[in-house]
Amino acid sequence: MTKLTWLSHGGWMIEHDNHRLLIDPFLTDNPAAVTSADQLEDVAHILISHGHFDHVADAALIANENNATIVAIYEIAEWFAKTQNVQSTVGMNIGGQLELPWGSVKMTPALHSSQLPDGSYGGEPAGFVVKIDRTRIYFACDTALFSDMKLYADDVDIAVLPIGDLFTMGIEDSVKATKLINPKKVLPAHYGTWPPIAQDANHWADRIRKETAADPVILEVGESISF
Ligand code: NI
Ligand code: MN
């Protein structure tokens with residue numbers, strides 16, 4: 001069994017057998033978080049989608065406390081190794097796939113920007129298709145709508161899409177993305193953290209139900225779905 005938990009904002013935790021994987025954990029300076037970074041134990045891998053502070057801020061601390069491996073695009077993996085003293089990193093790039101003990105991670109494109117907090121070049125922003133057993137989960141991460149999503153994430157079991165607008169796609173484009181990808185379930189992310197990205201998730205879910213074939217699943221912060 002696999003459990004997917006929303007850590008709030010763009011942050012997720014996947015638990016499968018004894019493995020824990022985080023995606024973009026953002027907890028310490030996050031007013032919406034209900035978990036603190038030092039509460040996360042037994043983390044094996046941390047995927048980082050891009051260099052913005054609301055995605056990288058807690059990763060080095062969690063990686064070093066758990067001896068976890070940070071997986072990111074080459075430039076960000078190097079930044080964690082050289083400037084944040086992270087012992088274990090794997091650099092990859094868009095289109096590449098990484099095999100892990102519990103499944104695989106494919107790095108997909110994202111339409112966004114990616115400067116690191118100290119001004120370093122963060123390479124290109126990314127999303128991920130995570131495969132565990134036979135379940136495929138697409139984390140679009142911070143991105144605008146783009147049609148190549150269909151090539152990378154066609155018919156995934158679960159799609160995790162931003163709906164916050166302003167910095168990423170909003171509700172309208174998230175509905176369009178859902179039509180393109182045709183996932184079985186779709187989960188909203190990257191909203192509600194601060195007033196500028198507040199959204200009515202129930203309104204989003206109504207539109208998903210009416211306009212797409214997907215089943216919308218709204219999680220509260222800290223809540224999980226299992227599959
Ligand atoms: Ni961003
Ligand atoms: Mn962000």
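User: In this predicted model, what makes the arrangement of the four donor atoms around the nickel ion (ligand 1) irregular?

Analyst: The angles subtended by the four donor atoms run from 89 to 178°. A tetrahedral site requires all angles to lie between 85 and 135 degrees, and the value of 178° falls outside that range, so the tetrahedral label does not apply. The arrangement is therefore classed as irregular.

User: Which protein atoms count as donors of the nickel ion (ligand 1), and how do you know that they qualify?

Analyst: They are His 50 (NE2), His 52 (ND1), His 112 (NE2) and Asp 142 (OD), at 2.2 to 2.3 Å from the ion. The cut-off for this metal is 2.8 Å, so these N and O atoms qualify as donors. Their spacing in sequence is H-x1-H-x59-H-x29-D.

User: Why are His 112 and Asp 142 said to tie together separate parts of the chain?

Analyst: His 112 is in the loop between strand 8 (103-109) and strand 9 (126-132), whereas Asp 142 is in the loop between strand 10 (135-139) and helix 4 (149-153); the pair therefore joins parts 30 residues apart in sequence. Asp 142 also bridges the nickel ion (ligand 1) and the manganese ion (ligand 2), 3.2 Å apart.

User: Why is Asp 142 called buried, and what is His 112 called?

Analyst: Asp 142 has a relative accessible area of 3%, under the 20% limit, so Asp 142 is buried. His 112, at 24%, lies between the limits of 20% and 50% and is therefore partly exposed.

Key
Residues numbered from 1 in each chain as written. Chains lettered and ligands numbered in written order. Predicted model: local features only at pLDDT ≥ 70, side-chain atom pairs only at ≥ 80, totals over all residues. Heavy atoms only, no water. Tetrahedral: all angles 85-135°; square planar, octahedral: opposite > 155°, others 65-115°. Helix = DSSP H or I, 4+ residues; strand = E, 2+ residues; numbered from the N terminus. Buried < 20%, exposed > 50% of the residue type's maximum accessible area, 1.4 Å probe, protein only.
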